[in-house]
Every structure is written in C-alpha cells, then in structure tokens.
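Here are a few short exercises to work through with the model open beside you. Try each task before you read its solution.

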Amino acid sequence: MGERGRGGCCPPMDLMRSEPMQLVQIIIPVESANLSISYLGDIGLIQFKDLNVEKSPFQRTYATQIKRCGEMARKLRFFRDQMSKTGLSSQERSMTQPGLSLDDLEVKLGDLEAELVEINANSEKLQRSYNELVEYRLVLQKAGEFFHSAMSSAEAHQTEYSSNQSGEESLETPLLSEQGVTVDSTKQVKLGFITGLVPREKSMAFERILFRATRGNVFLKQAAVDETVIDPVSGEKVEKNVFAVFFSGERAKNKILKICEAFGANRYSFNEDLGKQAQMITETSGRLSELKTTIDAGLVHRGNLLQIIGEQFEQWNFLVRKEKSIYHTLNMLSIDVTKKCLVAEGWSPVFASKQIQDALHRATHDSNSQVDAIFQVLQTREMPPTYFRTNKFTTAYQEIVDAYGVAKYQEANPGVFTIVTFPFLFAVMFGDWGHGICLLLATLFLIFRERKLSSQKLGDIMEMTFGGRYVILLMALFSIYTGLIYNEFFSVPFELFARSAYVCRDPACRDSTTVGLIKERDTYPFGVDPAWHGTRSELPFLNSLKMKMSILLGVSQMNLGIILSYFNARFFKSTLNTWFQFIPQMIFLNSLFGYLSVLIIIKWCTGSQADLYHVMIYMFLSPTDELGENQLFPGQKTVQLVLLLLALVSVPWMLFPKPFLLKREHNRHHGESYAPLPGTDESLQSEANHNSHGHEEFEFSEVFVHQLIHTIEFVLGAVSNTASYLRLWALSLAHSELSSVFYEKVLLLAWGYNNVIILIVGLIVFIFATVGVLLVMETLSAFLHALRLHWVEFQNKFYEGDGYKFYPFSFASLDYEEE
C-alpha cells in the first residue's frame with residue numbers, strides 16, 4: 001500500500017517477505033450488505049474479486065444507484081467549477097453533518113443546483129443587457145458627434161446659400177458635400193443610416209467590403225472608442241470602433257445588414273434628433289446605474305451561496321464518492337438464487353481476519369439484521385497478490401522497486417536493501433558535503449511542511465519530489481558523508497579534522513603533488529588528505545580511489561543479489577536452483593571479480609605498486625607465468641590457477657545438470673496428474689503442472705536452450721555489470737570537475753578582477769550554475785544511474801518481479817483519486 005494508505009511503522013522484517021495472504025469468502029445478508037462493505041472499506045484490508053465478469057455494467061444489480069451517484073458527482077463538479085471561477089476554495093473535511101443520508105443529499109444538491117443555475121442565468125441576462133447599454137451609450141455619444149458636426153456644417157452651408165436652400169431640406173446633404181458633391185435641391189433623396197460598433201481589428205476589412213458590395217454608394221464614418229468594451233455576445237473585452245453607415249435604398253440596406261452580421265458588428269437604433277439623443281443618453285445612464293446595482297446584489301447572493309456550498313463541499317464529495325465506490329464493490333458480488341444474500345470473494349492478509357469479522361459483526365448489529373455474515377477461508381492454488389506494510393518513510397523506496405516490477409508472492413523484497421544501498425550509491429556519485437547540505441535544507445523544508453503540502457494539489461514534478469522526500473533526505477545525508485570522505489566542499493578541500501600530513505619538500509613548489517610532498521605529521525584522521533587534491537595529471541590518487549571503490553561496491557552488491565537468490569530458492573524449496581544456480585554463480589563471480597576486490601584491498605593495506613590490470617589480464621593469457629613485481633602475497637600464482645579453474649568449471653556446472661535432472665523427474669512422473677509436494681523444484685512444479693493440465697510433452701530442447709541462455713546471460717552479465725558499476729566513478733569525477741570549473745572559472749575569476757559589480761555578477765552566475773546544473777541536473781543524473789544499478793545490476797540476480805500488487809477496497813484512497 002502507498003504512503004497515504006493504512007499501515008503504521010512496521011519492523012524491518014515486514015518488508016523482507018510480503019504478508020501471508022488468504023482467499024476468503026463472505027456471505028452477507030442483503031439488508032446489511034451496504035453497511036458491511038462500508039465498514040470493510042473503513043479498515044481497507046480486503047481486495048474483492050469481480051464475480052460478475054460476464055455481465056456488462058448496465059446489467060449489474062446496482063447500476064441504477066451508480067448512475068444516481070454519478071449524477072450527484074456531476075452536480076458537485078458543477079459547484080467546484082463555479083467556485084473556481086469566483087476564486088473560492090472548498091474547506092477541508094473537518095466536520096460532517098450528522099445523519100446526512102444520500103437521499104437528503106440528493107435533494108439538497110438538486111435544490112442548490114437549480115438555484116445556482118437560475119442565479120447564473122439571471123446574472124448572464126442582466127450582464128448582457130448591461131453590456132448592450134454600455135455599447136448603446138457609446139453609440140449615442142460618438143454617433144451624436146457625427147450628427148452634431150453635420151448639423152453645424154449644414155447651418156453654415158445654409159447661411160452661405162440661403163437664397164438657394166429651402167428650410168425643409170434634409171440634414172444628410174452636408175454630409176455628402178464633404179465628398180465635394182453639390183446636390184440640386186430638386187434632386188435630393190432621403191438617406192437611411194445604420195449605427196453600431198465593430199471590432200477595431202476588423203474595421204478596415206469592414207469598410208473595404210462595404211465599399212465593394214455597394215460599389216461605393218455608401219458613406220461610412222468611424223470613431224475609435226478609447227477604452228475596451230465587453231462584447232454582449234462573447235463576453236470578452238474587445239477594442240471597438242463606433243460606425244455610422246449612410247445609404248440609399250432598401251437593397252443597399254440588406255447588404256449592409258448581412259455584412260454587419262458577418263463581421264460581428266452590433267447594431268443599435270439611433271435618433272437623428274439632437275434633443276432626443278441627449279434624453280436617450282440620460283435615460284441610458286440611469287438604467288446602467290440600476291442594472292449595476294442589481295448585478296452587484298446578484299453577485300453577492302451568488303457568492304454567499306457558493307460560500308455555503310464550499311463549507312460542506314468536501315463532506316458531500318467524499319460521501320458521494322464513498323457511496324459510489326460501495327455500489328461498485330457490491331456489483332462485484334454475486335447474488336444467491338434466493339436473492340437474500342450476496343456472496344463476496346477476495347484476498348486479505350492473514351492477520352486481518354479478526355478485524356474483518358469484527359467489522360461484519362458490527363454491520364449486522366447496526367443494520368438490525370437477524371442473520372450474521374459468514375466469513376470463511378478458501379483453499380486455492382491461485383497466486384495471491386503481494387502486500388508489504390509500509391509507512392511514509394519506506395513507501396518511496398518500495399515504489400522504486402515496484403516501478404521495476406511487483407515482487408512475486410513471498411519473494412525476497414529488494415526494498416529492504418534499497419533503503420540503504422540506493423541513497424549510498426547516489427552519494428558515491430554526488431559526493432560533496434557542500435552540495436549535500438543544500439540538498440538537505442531543501443528536503444527538510446518539504447518534511448517540516450509535509451502536513452500542509454500533502455493536502456495541496458502539486459504539479460507532477462513537485463508531487464514526485466515531495467513523495468520521495470525521505471529518499472532525498474538519506475541521499476543528502478549520505479552525500480555529506482561521502483563528501484567528507486572525498487574532502488570536497490563545492491570542490492574545495494578543507495582541513496576539517498586536522499592539518500594535512502604533507503608539506504612541500506621544495507619551497508618553490510606551487511601544487512601539492514607527490515613529487516613535491518613529504519609526510520611530516522600523522523595520517524589525516526578521516527577522509528582524503530587535503531594535500532592529495534593536487535594537480536590531477538600528476539596525482540590521480542582520488543580518481544583511482546573512486547574507481548577501485550566502485551568495483552568493490554559493485555562486487556559486494558552483486559554478491560548480495562546472488563545470496564538473496566539462494567534464500568529465495570531455500571524459501572520456495574527449490575533444490576535445483578540452490579545447487580546448480582546459486583553455488584556456481586558465486587564461484588564464477590568471486591573467482592574473477594571477488595579476487596580482484598581482494599587484490600585491491602591488499603594493495604591498499606600493503607602499499608604495493610603492483611599493476612592490477614596486468615595481474616588480471618595475464619591471469620587468463622599466461623596463467624603459468626611468474627608475477628614478478630606484481631606479486632602481492634605468497635602463493636599468488638597457485639591461487640590464481642585454482643580460481644581460474646573454478647571459474648571454468650562453474651560454467652558447465654550451471655548449464656548441463658539442471659535440464660537433465662528436470663527430464664529425469666519428468667520421466668518419473670510421466671502420465672501422472674498430481675499436486676507437487678513440498679521440497680520439489682519450482683521449475684519442475686511448473687513443468688509438471690503444465691504437463692498434467694495441458695497434456696503436453698516435456699520439451700528437453702526448450703529447457704536446455706532456456707538454461708543455455710540463462711548461463712550465457714549470467715557469464716556475460718557478470719563482466720558487463722562489474723564494468724557498469726564504474727559509472728559510480730565516472731559520475732563522481734564529472735561532478736567534481738563541474739564543481740571545480742564553476743568555482744575556478746566563475747567565482748575565483750570574478751574575484752580576481754577586484755571589482756564589486758563583477759564580483760556580484762560572478763556570484764550570481766555561480767549560484768545559478770550550482771543550483772541549476774549541480775543540484776538539479778546532476779542530482780537527477782545520479783538518481784537515474786543509481787536506479788539503473790539497482791534495477792539491472794542488482795535485482796536481475798534474484799528478483800523476478802512478476803507478481804501483482806494488493807489493492808484493497810479502502811476509503812482512505814478516495815481523497816487522492818482523480819475524478
């Protein structure tokens with residue numbers, strides 16, 4: 001189960017093997033079924049099997065109730081969307097309404113939805129009317145200026161040509177005079193006009209289309225509106241122009257109306273009488289004020305209603321999802337012929353039997369049922385699910401293992417060892433106690449605020465980081481430790497525990513190298529002596545240390561994997577795997593790479609100058625030659641000959657005996673249908689079961705080829721996996737070099753200019769480079785490489801990971817499921 005599921009702090013051995021599981025059958029009276037499933041969901045310790053696989057969702061007994069819960073969930077999603085639009089958030093589920101049934105909640109949600117829909121409809125209608133009035137007022141103001149300008153021009157024109165003008169003349173004439181056209185009073189026509197607003201971005205195209213459609217027989221006036229207006233149709237803020245189109249004839253009018261509709265131009269009626277225009281502006285302003293007051297009152301009422309909904313939203317949402325999950329589970333149960341009982345089957349841990357029975361008894365009592373539920377354990381050969389009890393610390397490590405594959409039932413769990421080995425291998429690559437402290441501070445922030453952050457919606461990356469906070473905590477602590485071993489603080493060595501044991505032999509020497517150093521004091525007590533961080537080309541000591549340490553760690557972890565394969569074989573009583581897999585694998589690996597690890601340790605202890613590359617290469621090419629100066633201990637040549645012989649013998653040992661023994665066992669039980677007895681090999685069991693049920697012959701060639709592939713894979717993998725552990729050395733070297741580059745080429749370079757501004761800029765660049773590259777990218781890189789070492793180099797020695805996870809029916813997981 002996950003961190004947010006049940007399970008407290010468990011002893012470490014709870015992680016080594018999965019919990020013993022049992023297949024149970026529960027016969028529940030119909031009248032107490034709902035309450036029984038509810039109580040079982042509270043304890044979350046049973047995974048129900050679907051006994052109605054052949055039925056579609058619509059054919060199941062409780063399909064109507066699920067549909068009803070789905071409709072209630074839709075209403076709750078509607079409420080959540082409405083709260084999100086207004087910036088409100090639902091409160092935490094701290095208290096529940098006593099006695100609130102699903103029927104009462106359904107009625108309440110229906111009433112609230114109807115009220116909210118009505119409020120929204122009225123608000124949208126009022127808001128649209130308000131936006132239309134705002135646009136209408138702008139038309140009255142801007143178009144009124146057109147007509148006022150035209151009136152002034154007309155009056156001046158009438159004064160100038162008073163002898164030729166009649167007092168009855170139309171006011172449209174001066175507008176046409178702006179185009180330089182003089183119209184005879186006997187030939188004047190009455191012009192019509194259309195006013196409105198058009199989006200500013202479409203105004204040029206609007207004018208062009210009008211001109212082309214009417215062949216220039218219109219007159220268009222436009223004026224830009226200073227502020228953006230809310231379009232009544234779309235509800236979006238748009239920059240618009242007020243326009244007035246003057247035309248002659250009904251045909252032109254129809255064309256103009258269609259063009260306005262195509263360009264989304266809102267049209268408004270307009271009175272050319274200047275006196276009525278002022279009156280309309282005054283009336284419109286008054287109506288706007290009244291509408292604004294009404295809209296504000298509606299928004300206050302809507303906000304109060306949403307506030308009331310928000311206070312109980314989480315309680316209602318949890319109740320609906322809980323009831324829906326109960327009915328989904330009830331649909332997985334079969335009904336007996338009398339339709340008075342429901343039969344359930346499912347997996348549960350052995351330790352949970354009493355808790356399940358207590359929950360069933362309590363449900364019987366609370367539902368006033370006359371018949372108690374029946375709980376019984378079924379015998380089965382079916383593979384049970386895998387269940388590890390974890391807590392918030394161990395969950396993330398178990399998830400790392402499960403991402404590769406869920407452990408087979410009762411298989412040895414790599415998660416126990418991953419808790420230590422994963423952060424340690426990461427730290428070997430990331431070793432710098434300055435960077436480790438930065439990583440530790442960031443992790444402590446997540447841990448101290450975990451209660452608050454666990455209840456919030458985090459992004460994908462942040463959610464992943466938060467979930468692995470305890471993994472990162474150990475990664476940071478181990479990085480500080482390995483950083484102290486390497487004596488690197490942002491790539492700078494410090495004399496933390498004592499002064500360096502070495503001094504310069506020559507006063508003129510600049511770099512601390514083996515050429516210019518002599519030992520004057522006691523050996524540096526902890527970690528690498530700061531004097532050994534000298535010129536890398538002359539002193540690759542730390543480099544060599546990391547490389548050889550990588551080999552030691554790799555061989556140790558691979559040996560651990562093989563040892564775990566032995567315990568798996570013993571646990572599953574697989575004798576063949578013990579004798580013909582575990583033993584030859586241990587011999588082969590340690591005859592070569594185990595021996596190399598011993599030579600590394602001897603060389604460190606004795607200070608020998610022997611070339612280990614030469615020793616290992618000529619151990620194969622010329623095993624009988626004398627070692628000379630490369631000899632590290634007496635009798636080394638004899639030991640190497642024995643180890644080489646053992647390595648060669650272990651290969652056919654792995655390959656040949658097991659297929660022939662499987663064939664012999666098959667021939668012994670040929671034609672029999674039997675249940676394998678304890679103590680037989682699991683591979684033989686699977687073959688025998690397959691033969692007895694499937695009536696297929698034992699294919700010796702297939703078994704032999706499978707064993708051949710397995711042997712070749714191990715032999716080649718032992719070499720490639722050992723080499724793969726050198727990534728520990730490579731990434732540690734890359735991390736150290738990058739740290740050194742940022743320190744020397746950015747920070748020290750900026751310091752050397754003796755300028756405050758350059759120093760500040762250099763410090764900022766150094767901080768961003770350190771955080772972005774070393775604390776983010778390098779952390780991710782080392783994490784992924786540590787992940788690969790565990791999944792491939794470690795787990796492939798013993799871990800099959802072909803099981804399936806235990807997913808109990810639990811209400812605790814409802815809080816974190818997505819809709």
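**Exercise 1: I767 and its patch**

Task: Classify I767 as buried, partly exposed or exposed, and find the patch it belongs to.

Solution: Because its relative accessibility is 44%, I767 counts as partly exposed; buried means under 20% relative accessible area, exposed over 50%, and partly exposed in between, with a 1.4 Å probe and protein chains only. Next, place the residue: I767 lies in helix α23, residues 756–794 (helices are DSSP runs of H or I with at least four residues, strands are E runs with at least two, numbered from the N terminus). Finally, I767 joins V756, I760, L763, I764, F768, V771, V776 and M777 in a nonpolar surface patch of about 880 Å². Such patches take residues with over 30% relative accessible area and no salt bridge, joining nonpolar side chains (Val, Leu, Ile, Met, Phe, Trp, Tyr) within 5 Å and like charges within 9 Å. Areas follow the Shrake-Rupley method with a 1.4 Å probe, and a salt bridge puts a Lys or Arg side-chain nitrogen within 4 Å of an Asp or Glu carboxyl oxygen.

Before going on, note that this is a predicted model, with local features needing pLDDT of at least 70 and side-chain atom pairs pLDDT 80 or more, while totals for chains, interfaces and linings use all residues. Residues are numbered from 1 along each chain as its sequence is written, and side-chain values use heavy atoms, leaving out hydrogens and water.

**Exercise 2: Charges over rings**

Task: Which rings lie under the charged ends of K408 and K546?

Solution: Apply the rule that NZ of Lys or CZ of Arg must be within 6 Å of the ring centre and within 35 degrees of the ring normal. The charged end of K408 sits over F572, 5.0 Å from the ring centre. For K546, the ring is that of Y486, with its centre 4.4 Å away.

**Exercise 3: Two positive phi angles**

Task: Where do R215 and K573 lie, and how exposed are R215 and K573?

Solution: Start with R215, a non-glycine residue with a positive phi of about 55°. R215 is in the loop between α5 (203–213) and β4 (219–224), and is exposed because its relative accessibility is 77%. K573, also not a glycine, has a positive phi near 55°. The loop between α15 (541–571) and α16 (575–606) holds K573, which is partly exposed at 43% relative accessible area.
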